[in-house]
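Welcome! Please take a moment to look over the sequence and the 3D structure, and then use the briefing that follows as a guide.

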Amino acid sequence: MLVLYVATPGSNVSVAWETEDAADHVVDLKSALDSCWILNKTSGNLFAGRRYGQYTMNQEITKVVERPPFDRSSSQDSLDELSMEDYWTELENIKKSSENRQEDQEVVVVKEPDEGELEEEWLKEAGLSNLFGEAAGDNQESMVFLSTLTRTQAAAVQKRVETVSQTLRKKNKQYQVPDVRDIFAQQRGSKEREPPDGAESQSVRTDENKYQGKDDQASSLVVGGKELTPLVPEEAPVSETDINLEVSFAEQAVNQKESSREKIQRSKGDDALLPSFRLPKDKTGTTKIGDLAPQDMKKVCHLALIELTALYDVLGVELKQQKAVKIKTKDSGLFCVPLTVLLEQDQKKVPGTRIPLIFQKLISRIEEGGLETEGLLRIPGAAVRIKNLCQELEAKFYEGTFNWESVKQHDAASLLKLFIRELPQPLLSVEYLKAFQAVQNLPTKKQQLQALNLLVILLPDANRDTLKALLEFLQRVVDNKEKNKMTVMNVAMVMAPNLFMYHTLGLKSSEQREFVMAAGIANIMHLLIKYQKLLWTIPKFIVNQVRKQNTENHRKDKKAMKKLLKKMAYDREKYEKQDKSANDADVPQGVIRVQAPHLSKVSMAIQLTEELRASDVLARFLSQESSGVAQTLKNGDVFLYEIGGNIGERCLDDDTYMKDLYQLNPNAEWVIKSKPS
C-alpha cells in the first residue's frame, strides 16, 4: 500500500491518496496531481479521491475565490485536462445570464408530498391505479398486467403497494384499501401457471421460455384468488460489451451483484475510456422508440417505470419521482415557453413538426458557421447582445422578419443553451430529472446505460424528440473535434449544467459547486451523447411483456365473446369458422401474404425462408409493383409493419428475419406503408 500526501498550491488543503498496488504509483501520482489541479481551480473546497469516486466537502472552506486566467493550449491533451474548467466557466456564464433575465421566471413554491402520495402517484404512472382507491375492486386488467412481471418488477410493485396501503389506512380513506397480502404472496418455489389456449399464446410462450428458470425465492402474485408466478429470467450473457435486451435489467443486476468480476470492474473503471457497448443482433428485429402503436407504447412506459424502479431497488439507489413544479408560464413566444405550447404554435406554421422551430433554426445557424470553429459551444456570446437578440427574436421570429445574418455563431450557441435552460419544465422533465441525476450512483457503466435507456423511454414525446435532436447535433460537433478542439468530454462538461441545473428545483449555490455533482452529471451527459443510438431502443424483454399482455387480453376477450354469442343464441360453430378464416386467410403453411393498401389493390404471397428479411420483402414488392406511386418509392419511404396478433402495430427494421418473427407472431398481418410523421 502506497500513500501519497500532496499539498495543493495556493491553499491549505492536502490530498491523501491511496493506491491498491505500489506498481500503480506512477499512474496514481498523475491522478493525484490532476485532482490537486482541480482542487486549486475550484478554490480548494473539495477533498477528492477520484480513484474510488469519493468526494467530501471541506465544511470550513465555503468562499469561492476567483480563478486566475489561463491560456488554453491548442493541444488535445491540455483540453482534456481543462474539461472541468469548462464546467465551472459554463456555470459562471449561466449565473451572469440568469441575473439579466431573472424577472422572466416566477416560481411558485409547492408543498413537498409525503412518501405515500409519491408512491400513489408512482402506481398511477405505472398503470396500476386500480389496485387502490375507488376502482380497487376492478382488477381484471391488473391481473393480466401483473402476470407478465418479472420477480424484481413484482417486488418493486409490492413495496409501493405496501406504502400506499399503510398511508391510506392512516388517513382513514373511505374507499377500499387492499391488504398487500391480497395482491402479493411470498411462497417458496414456483408454481406452474395455467397455459393460455390459442396459437398466438403458444408462440409468445415459446419465445419467452428461455427467460424462465427455477428460483426458490421467486415471488408469486395473487390477484382475485388466482396465483400468478412472475417470470424468472436466466443469467445474462458473459460478454461485457453486449447490452442484453432480452433479460430484465434488474434481474441481470441481481446476478451481477454476486460476481467478483463486476466488483473489479467497478474499482478500476475509467470514466474517460468508455467501452464500445453494442446491441447484439436480434433475428426478430430491433424495436426503436416510434416503432410501436400508441396503445402498446403506453404499456411499454408502464413497464419501463416499474423496471427502472426495480433496477434502482436492487442496486440500493433511491428513486424519488418529483412532482411537477407549479410555475407561471407564458402562453406564447419563444423563450420561457413550455415545449407543448411551442409545438402547438409551430404546427400551425409547419404541420407535423415534432421539434420547436426556433430550436431547429438555432442549430441550423450554428452549423452554417461551420462545426470546425474552435471552442464551439464553449465560448459564450456577449451577454448584452444575447439579451437584445432574445427580445428581437420574440418580436420577429414568427413574422419571418428576423435578420439571421446578424447572429454570430457563438451567439447562436449561447441562445441554444439559453433556450434549454429557460424551459419552464426541464428538458429531462421535472418528474425524472432527479432520476437522471441518480444514474451516477449506479455501480457500472452498463447499468448506468440501462437506466438511461429506461428514462429516455419515460420522457414525454416532445421532450424526447427535442433531446434526440440536441444529442444528434452534439455528436456532429464532436465529430469535428480535431478542428474545434471539443471532445465528447468537453461538450459534456459545457452542456451538463444547461440540462441538469434546473432553475426551479431549489438547488443551493453551494450544491451546484459540489465536485461530485459536476463530475456525475457530466458523466451522464457523456453517456447520453456517446450511446444515443442505443438509448432509443426498446428492450426486447419489455416488448415481449407487451406481447404477453396482449395475448392474455385477447384470450379473455375471446372467451367473453363466445359466452356472449352463446347467450344470444348465435351459431357458435359459424362464429368459430369465421374467426379461423379471418386469421388463416387460406394462406399455405410457411407463406405470408403482404398487403400495401395505399399502393396496390393486390396482395403478394411470399414464401418464408431462413434468410428472408424485411428489406427483401420490401425490395421484392417495390420491384414487382407497376403502379405509378410504387415506382417512385424507394427503401426508406415505406416500411413493412407487423400488425395484430400479439402486437398492436410494429414497424420492422430492415434486418428482421421474417420466419423468426412469424413464429413469434403467426397471427399477424404484414402491411407495407409509410411511417406517420
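**A first look at the chain**

Glutamate 372 is partly exposed, with 45% relative accessible area. Please keep in mind that this is a predicted model. Here is a friendly tour, starting with the salt bridges and moving on to the whole chain and its cysteines.

**Salt bridges**

- Glutamate 372 pairs with lysine 483 in a salt bridge, where the closest N and O atoms are 3.9 Å apart. This pair links distant parts of the chain, 111 residues apart: glutamate 372 sits in the loop between helix H13 (357–368) and helix H14 (383–396), while lysine 483 belongs to helix H19 (residues 481–484).
- Glutamate 649 and lysine 673 form a salt bridge as well, and their closest N and O atoms are 3.0 Å apart. Here glutamate 649 lies in strand S13 (residues 647–651) and lysine 673 in strand S14, with their positions 24 residues apart in a link of distant parts of the chain.
- Some salt bridges share partners, and in this way Glu119, Lys159, Arg160 and Asp313 are joined into one network.
- Aspartate 291 makes a salt bridge with lysine 675, with 2.9 Å between the closest N and O atoms. The two are 384 residues apart: aspartate 291 is in the loop between strand S8 (287–288) and helix H11 (294–314), and lysine 675 is in the segment after strand S14 (669–673).
- How buried or exposed are these two partners, aspartate 291 and lysine 675? Aspartate 291 is buried, at 6% relative accessible area, whereas lysine 675 is partly exposed, at 35%.
- Across the whole structure, the search finds 25 salt bridges.

**The chain as a whole**

- You can find 28 helices and 14 strands in the chain.
- Of the 677 residues in the chain, 51% are buried.
- Taking contacts between residues at least 6 apart in sequence, 74% join residues at least 24 apart.
- The chain has an accessible surface of about 32,900 Å², and carbon and sulfur atoms account for 49% of that surface.

**Cysteines**

- How many disulfides are there? The count comes to zero.
- Why does cysteine 336 not bond with cysteine 390? The sulfur of cysteine 390 is the closest cysteine sulfur to that of cysteine 336, but the two are 8.6 Å apart, so they are too far for a bond.
- Cysteine 336 is buried, at 5% relative accessible area, while cysteine 301 is partly exposed, at 22%.

Key
Residues are numbered from 1 along each chain as its sequence is written. This is a predicted model: local features need pLDDT of at least 70, side-chain atom pairs count only at pLDDT 80 or more; totals for chains, interfaces and linings use all residues. Side-chain values use heavy atoms; hydrogens and water are left out. Helices (H or I, at least four residues) and strands (E, at least two) are DSSP runs, numbered from the N terminus. Buried means under 20% relative accessible area, exposed over 50%, partly exposed in between (1.4 Å probe, protein chains only). Contact means heavy atoms within 4.5 Å. Accessible areas come from the Shrake-Rupley method with a 1.4 Å probe; for residues, only the protein chains shown count as cover. A salt bridge is a side-chain nitrogen of Lys or Arg within 4 Å of a carboxyl oxygen of Asp or Glu. A disulfide is a pair of cysteine sulfur atoms within 2.5 Å.
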